[in-house]
Amino acid sequence: MKSLLWLVLAVAAVVNVASSFAFGGIQQIIISAITGLTAIATATALYLTRDRHTA
């Protein structure tokens, strides 16, 4: 599960950066918003599924 989340996070980041060069105007804004929300959601899921170590 974590491997899939890391993959989705990496792909979202790459697509977000690539959309800056490939698209312009409203298309770039929409793609960046979608990939940004995807990155936030996967980062949150990774944080919630982390191994908790007690001291």
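Visitor: What distance does helix α2 reach from its first C-alpha to its last?

Guide: You are looking at a predicted model, in which local features need pLDDT of at least 70, side-chain atom pairs count only at pLDDT 80 or more, and totals for chains, interfaces and linings use all residues. Residues are numbered from 1 along each chain as its sequence is written, and side-chain values use heavy atoms, with hydrogens and water left out. Helix α2 covers residues 25-48, which is 24 residues, and the expected span of a helix, 1.5 Å times one less than its number of residues, is 34 Å here. The helix comes close to that expectation, reaching 35 Å.

Visitor: How many helices and how many strands does the protein have?

Guide: Helices (H or I, at least four residues) and strands (E, at least two) are DSSP runs, numbered from the N terminus. By that rule, the count is 2 helices and 0 strands.

Visitor: Which residues of α2 are buried?

Guide: Buried means under 20% relative accessible area, exposed means over 50%, and partly exposed lies in between (1.4 Å probe, protein chains only). An α-helix has 3.6 residues a turn, so residues three or four places apart point the same way. In α2, the buried residues are Ser32, Thr35, Thr42 and Leu46.

Visitor: Which helix is included in what covers those buried residues of α2?

Guide: It helps to know that contact means heavy atoms within 4.5 Å. For the buried residues of α2, the cover includes residues 2-22, that is, helix α1.

Visitor: Is Ser19 buried or exposed?

Guide: Ser19 has its place in helix α1. Leaving aside neighbours within four places in sequence, Ser19 is in contact with Gln28, Ile31 and Ser32. Because its relative accessible area is 2%, Ser19 is buried.

Visitor: What radius of gyration does the protein have?

Guide: The radius of gyration is taken over C-alpha atoms, and the globule rule is 2.2 Å times the number of residues to the power 0.38. For a compact globule of 55 residues that would be near 10 Å. The C-alpha trace here spans about 50 × 15 × 15 Å along its principal axes, and the radius of gyration of the protein is 14 Å.

Visitor: What percentage of the accessible surface belongs to carbon and sulfur atoms?

Guide: Accessible areas come from the Shrake-Rupley method with a 1.4 Å probe, and for residues only the protein chains shown count as cover. Of the 55 residues of the protein, 15% count as buried. The accessible surface comes to about 4200 Å², and the part belonging to carbon and sulfur atoms is 74%.

Visitor: Which residues form a nonpolar patch on the surface?

Guide: Patches are made of residues with over 30% relative accessible area and no salt bridge, like charges being joined within 9 Å and nonpolar side chains (Val, Leu, Ile, Met, Phe, Trp, Tyr) within 5 Å. Leu7, one of the members, is in helix α1 and counts as exposed because its relative accessibility is 52%. Together the patch residues have about 400 Å² of accessible area, and they are Leu4, Leu7, Val8, Val11 and Val15.

Visitor: Which residue forms a salt bridge with Lys2?

Guide: A salt bridge is a side-chain nitrogen of Lys or Arg within 4 Å of a carboxyl oxygen of Asp or Glu, and the count here comes to 1. The pair links distant parts of the chain, 49 residues apart, with Lys2 in helix α1 and its partner in the segment after α2. That partner is exposed because its relative accessible area is 57%, whereas Lys2 counts as partly exposed at 33%. The closest N and O atoms are 3.8 Å apart, and the partner of Lys2 is Asp51.

Visitor: Which residues does Lys2 touch, not counting residues up to four places away in sequence?

Guide: The C-alpha atoms of Lys2 and Thr44, 42 residues apart along the chain, are separated by 12 Å. The residues that Lys2 touches are Leu46, Thr49, Arg50 and Asp51.

Visitor: What distance separates the C-alpha atoms of Ala18 and Gln28?

Guide: Ala18 is placed in helix α1, and a relative accessible area of 38% makes Ala18 partly exposed. In sequence, Ala18 and Gln28 are 10 residues apart. In space, C-alpha to C-alpha, they are apart by 9.6 Å.
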